[in-house]
Amino acid sequence: MNPQVNPLMNLLPIVLIFIVFYFLLIRPQKKSQDDHKKMVESLKKNDEVITSGGIHGTITNVKDTTVTLKVDDNVKVEIQRNCIASIKRKASD
């Protein structure tokens, strides 16, 4: 006699794998993306930032999709807002 196996029991390992992937990969990545989006939206003049390419500069102008960075005396670079990797120091309010 061969006992019948519940078909839902066959799906249990797949469901468990998905749950593990969600908590170890998907959820932390989404949180990181949300944090970066909030940081980019809060950029303002005189913030000292680091770009994803490693350029350090101070924001001199903020537009809808771009910011202008002062990287040295008489050197300004316009870059996309989403290329800002981190803020070194917030502008004092």
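Reader: Which residue in the turn of the hairpin formed by β3 and β4 has a positive phi?

Author: The model discussed here is predicted. In it, β3 and β4 form a hairpin with two residues between them. The phi of about 60 degrees in this turn belongs to asparagine 74.

Reader: How many bridges join β3 to β4?

Author: The strands β3 and β4 run antiparallel. One bridge links aspartate 72 with valine 75 in β4, and valine 67 stands opposite isoleucine 79 in β4. The number of bridges that join β3 to β4 is six.

Reader: What is the bridge partner of valine 62 in β3?

Author: Strand β2, residues 56-62, is joined to β3 by four bridges, and the two run antiparallel. They also form a hairpin, with three residues between them. The partner of valine 62 in β3 is valine 67.

Reader: What is the order of the five strands in the open sheet?

Author: The pairing in this sheet is antiparallel. Its edge strands are β4 (75-80) and β5 (84-89), each of which pairs on one side only. From one strand to the next, the twist averages 45 degrees. Read across the sheet, the order is β4-β3-β2-β1-β5.

Reader: Which residue in β5 is the bridge partner of valine 49?

Author: Strand β1 covers residues 48-51 and pairs with β5 in the antiparallel sense over four bridges. For valine 49, the bridge partner in β5 is isoleucine 87.

Reader: How many residues make up the largest nonpolar core?

Author: Among the members of this core are Met39, Val40, Leu43, Val49 and Ile59. Val67, Leu69, Ile79 and Ile84 belong to it as well. Both α1 and β3 (66-72) supply at least two residues each. The core has, in all, nine residues.

Reader: Which residues does isoleucine 59 touch, not counting residues up to four places away in sequence?

Author: Isoleucine 59 is itself a member of the largest nonpolar core. Its contacts include the core members Leu43, Val49, Val67 and Leu69. The full list is Leu43, Lys44, Lys45, Asn46, Asp47, Val49, Val67, Thr68 and Leu69.

Reader: Why does asparagine 46 count as partly exposed?

Author: Asparagine 46 is found in the loop between α1 (7-41) and β1. A residue is buried under 20% relative accessible area and exposed over 50%, with partly exposed in between. Asparagine 46 therefore counts as partly exposed, because its relative accessibility is 47%.

Reader: What distance separates the C-alpha atoms of asparagine 46 and lysine 70?

Author: Leaving aside neighbours within four places in sequence, asparagine 46 is in contact with Thr58, Ile59 and Ala91. Along the chain, asparagine 46 and lysine 70 are 24 residues apart. Their C-alpha atoms are separated by 9.4 Å.

Reader: Which residues form the aromatic pair that is edge-to-face?

Author: The count comes to one aromatic pair. Its rings are 5.1 Å apart, centre to centre, with 85 degrees between the planes. An angle over 60 degrees counts as edge-to-face. The pair consists of tyrosine 22 and phenylalanine 23.

Reader: What is the relative accessible area of phenylalanine 23?

Author: Tyrosine 22 counts as partly exposed, because its relative accessibility is 34%. Phenylalanine 23 is also partly exposed, and its relative accessible area is 47%.

Definitions and conventions: Residues numbered from 1 in each chain as written. Predicted model: local features only at pLDDT ≥ 70, side-chain atom pairs only at ≥ 80, totals over all residues. Heavy atoms only, no water. Pairing = 2+ DSSP bridges. Axes fitted to C-alpha atoms, helices over the stretch in contact; angles between N-to-C directions. Buried < 20%, exposed > 50% of the residue type's maximum accessible area, 1.4 Å probe, protein only. Contact = heavy atoms within 4.5 Å. Core = buried A, V, L, I, M, F, W, Y, C linked by side-chain atoms within 4.5 Å. Phe/Tyr/Trp six-rings, centres within 6.5 Å; stacked < 30°, edge-to-face > 60°.
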